[in-house]
Amino acid sequence: MIRLDGLRVRAGDFSLAIDDLSISAGEYAIVFGPTAAGKTVLLETVAGLRGPREGRIWFGEREVTAEPPERRGAGLVYQDYVLFPHLTVAENITFGRVRRPAPPGRPAGERIAVGRGRRADRPEVRALAALLGIEGLLKRYPEGLSGGEQQRVALARALATRPEVLLLDEPLSALDGPTRLELRRELKRLHEGLGATVLHVTHDLDEALALGQKVAVLIGGELRQVGTPEGVARSPVDLAVARLVKSANLFAVATVETASSAPRASRRIVLENGLGLSAGTGQALGHADRVYAAIRADEITLEPWEPAGGAARPAASENVLDGRVSAIQIQSAYVVVEVRLTPSAEGAVAAGGAQPEAGTAFAVHVSRAELERNGLMVGTPVRMLIPPTSVHLCAGAPSRPVVS
Amino acid sequence: MKRARVFSRMEWVFTFVGLLLLLFILIPLVATIFASSPDEFAEGVGDKGVLRSLWVTFLAAFIATVIALLLGVPLAYLMARREFLGKSLIQGLIDLPIIIPHTAAGVALLMVFGRRGLLGETLASAGVYFTENLAGIVIAMLFVSLPLLVDTAQESFVSVDRRLEGVARTLGAGPWSAFRRVTLPLAWRGIVAGSVLMWARGISEFGAVVILAYNPKTVSVLIYERFAGFGLSAALPVTALLLILALLILVLTRAVLLPRRKRERAGQGGRR
C-alpha cells in the first residue's frame, strides 16, 4: 500500500534516508526509534508536507511523490493533537470532506462535500463520534478537553475523510498512563474494525510490540532493521537496536566458533571477559568488525542454588552460570535482579560468602512471586539458566538493514 | 508569626517608578483637556475647518490602512513562514520608516511623488497628483505607519502553529483554503490590532504629511497652524478633541480585542 523507494529528505541539518520500505494494505506498521531519529520528518514526507530531495513515494499503484497533501489522502495525527482551536469538536471532525458510502452508479470512495452548519447532528459525524466515544463533546471547543479526549477528536478528524493511509506521530506519548493504555487498545480495535493502513511512529517499545504487525527501526535517519515485533525484539541486528529494544545484557564477544564447524543452532562463543557461552540465534554476521552477545533479561531463569552441597549441574551446553544476587530493583511490573558471577576458575564461592568483586553482572527480570518464593535477597547464591537460543549475536556497528 | 510577603519590596519600588511614568503621560493629557472652558471648546470644535480636517485625517488614515492590509498581510505571512536569503535585510527595510525622522521621510516621498518626482512627473501628465491633496496625505501616512501593521501581522502569523495548516492540507484543503479557514481566523485579532495601531499612528502623523500635503489640513497640521499663527489657546480645543478621540478609540479596541485572546493561545506553540 505504501512504498518508499530511495527516499532522501533534508530538514535543516538532519537528513533522512530510506532505501526501501513497504507497508501492505491493511497493515499496522510501526516506525520505532529514539527521539530525533527522523520519525516526524518521515511522516510529514509521506503526508506531503515535506518534499523529498530524491526518491519516490507510492500509495498502492499511484505515485504520489509530486502530489500536494490535499490530493494524497493521508490522515495525520500528531502527538500534541494540533486541533483547530477556533472550531468546535464537530467542526474539527468535519473540516475535511466527510466520505459517505457512494450512491449507486458512482465510484466507491468518492468524496462528497457535506456543506456547512449543524455539523454535530449529521449521521456520519454521530457515527464517528460514537466509534471514538466522544458524542458528548461535539459542541465543545478543544481548549477544555483532556489530552485523551483531544487525541480521540484528532483521530476522528483524521478518520472522517476515510484516508487510504493513517499516519500517527507518537499519538499516545503525551497521554498519562491509564489513558495511554486505553487509547492503545482503541487504536488496535479501530485498525481491526476499519482495516486501514496505519503508519505509526513511536519511541515506546511497549507500544511498538503491542500494536505493530511490522516494526521498522529508525535510528539517526536510517532504517536499521525491519521485521516482526518479535523478531526485532529478540534478534536485534546491531548494538544500537539491541539497546533500543532493551536487551539488558550486552557483552563484547572475543571469539565465535565458525559456522562451518558447528550448526548455526549452537555456536560456541567466548566473551571478552573470558566467559564461554553457547549461542543459538543470530544472523550471519558477515564482516562485522565487532560482535556482541545480547541476552534479554526476561529470558534468563533464576534458581536458588546451594554452593555447599548443591544440585548437580545440568549439561554444560545449557549455559549454566552461578553467582550471587548483588542488587534488587523493584519495578512496577517485574523485579530486576542483578547477579554477579562467582569466579568460575575457582569453581566455588569464596569462603565466608564474601561477594566476589570482579564478577560479570547480569540483569534478570523475575516476577515478585518468584522473588518471594525463592527468597532472593542481596547475597543470595543463585544459578542462572540461559537457553542458547536466547543468546543473540549482533554486530557492534550499524550494518546494512536486514529484513527478517 | 510574620506572614510571607505577597508583594516583594522590589515590586513596590517598581510600582512607584512605573507610577511616575504613568503620571508623566496622564498629566499633560488631563491638563490639555481641562485647559479650555466648555464654551471655548465648543466654539473651537464647532468650527467647520476643524470638522473637515478631522474627516480628512480619519479618511486618509483609513485608506492607508486598507492599502497596507492588502499589500502588507501577504508579505507578513511570507516573512513569518519562510526562510530565505536576505530575509533580515527585508525585515530592516520594512522597519526603516520607524527610525528615520518623518520629515526626512516626507522629503524622500517628495522625490518620488512630487510634481517633478520620479513617478510624480509621469503621473501628473495623466492628471494624477500626490501633493496638496488627499492622495498625498495617504502616501505619507502609508509610508510612515506601514511597519506597525506588517510587524504585528507577522507576529500573529508566527504564533499560529504551521502544523495546523499542514493538518488542514491533509484533510483536503488547498493552500488558499487552509489560509482562509485556519490561518486567518487564528491570526485576525493580531492583524486587526495592527490595523488599528497603524490607523491611529496615521492620524497622528505630522512630519511627512506637512511636507507632502500641507493642504487639505490634517488635524495635526491644523493644530500646528493654529499654534504657530494664533498661539496656545487657539490650539487647545482641537488638541483636546483629538486626545479624547484617541483615548476613546484605544479603549474601544482594547475592549473588543482583548477578552477572547485566551482561546487562541491553545493554537500556538508546539514544534515547527
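The exercises below, each with a worked solution, concern a predicted model.

Residues are numbered from 1 along each chain as its sequence is written, chains are lettered from A in the order in which they are written, and side-chain values use heavy atoms, with hydrogens and water left out. Local features need pLDDT of at least 70 and side-chain atom pairs count only at pLDDT 80 or more, whereas totals for chains, interfaces and linings use all residues.

**Exercise 1. Describe the interface of chain A and chain B.**

Step 1. Begin with the residues in contact, where contact means heavy atoms within 4.5 Å. Chain A contributes 28 residues and chain B contributes 23.

Step 2. Turn to the buried area, that is, the accessible area (1.4 Å probe) that two parts lose on being put together, summed over both. This area is about 2,200 Å², and carbon and sulfur atoms give 61% of it.

Step 3. Look for salt bridges (a side-chain nitrogen of Lys or Arg within 4 Å of a carboxyl oxygen of Asp or Glu). The rule finds 2 across the interface; one of them joins the side chains of Glu70(A) and Arg169(B), at 2.6 Å from N to O.

Step 4. Assign the side of chain A that touches chain B to secondary structure, in which helices (H or I, at least four residues) and strands (E, at least two) are DSSP runs numbered from the N terminus. Helix 1 (39-47), helix 2 (69-72), strand 6 (74-77) and helix 5 (147-160) of chain A each supply at least two residues. Helix 1 gives the most, with 3 residues.

**Exercise 2. Determine how much of chain A is buried and how its contacts are spread along the sequence.**

Step 1. Apply the burial classes: buried means under 20% relative accessible area, exposed over 50%, and partly exposed in between (1.4 Å probe, protein chains only). Of the 404 residues of chain A, 52% count as buried.

Step 2. Consider the contacts in chain A between residues at least 6 apart in sequence: 68% of these join residues at least 24 apart.

Step 3. Count the secondary structure elements. Chain A has 10 helices and 21 strands.

**Exercise 3. Compare the settings of Asn319(A), Thr380(A) and Met111(B).**

Step 1. Locate Asn319(A), which is in the loop between strand 15 (301-304) and strand 16 (320-330) of chain A. Asn319(A) counts as buried because its relative accessibility is 3%. The side chain of Asn319(A) reaches the backbone nitrogen of Ser278(A) at 2.8 Å. Beyond neighbours within four places in sequence, the contacts of Asn319(A) include Arg268(A), Met384(A), Pro387(A) and Val391(A).

Step 2. Proceed to Thr380(A), in the loop between helix 10 (368-373) and strand 19 (381-385) of chain A. With a relative accessible area of 14%, Thr380(A) is therefore buried. Leaving aside neighbours within four places in sequence, Thr380(A) is in contact with Gly323(A), Arg324(A), Val325(A) and Gly375(A).

Step 3. Finish with Met111(B), found in helix 5 (residues 102-113) of chain B. The relative accessibility of Met111(B) is 57%, so Met111(B) counts as exposed. Not counting residues up to four places away in sequence, Met111(B) touches Gly117(B) and Leu118(B). A distance of 46 Å separates the C-alpha atoms of Met111(B) and Ala173(B), which are 62 residues apart along the chain.

Note on methods: Polar contact = N/O pair within 3.5 Å; in protein donor to acceptor, adjacent residues only side chain to side chain.
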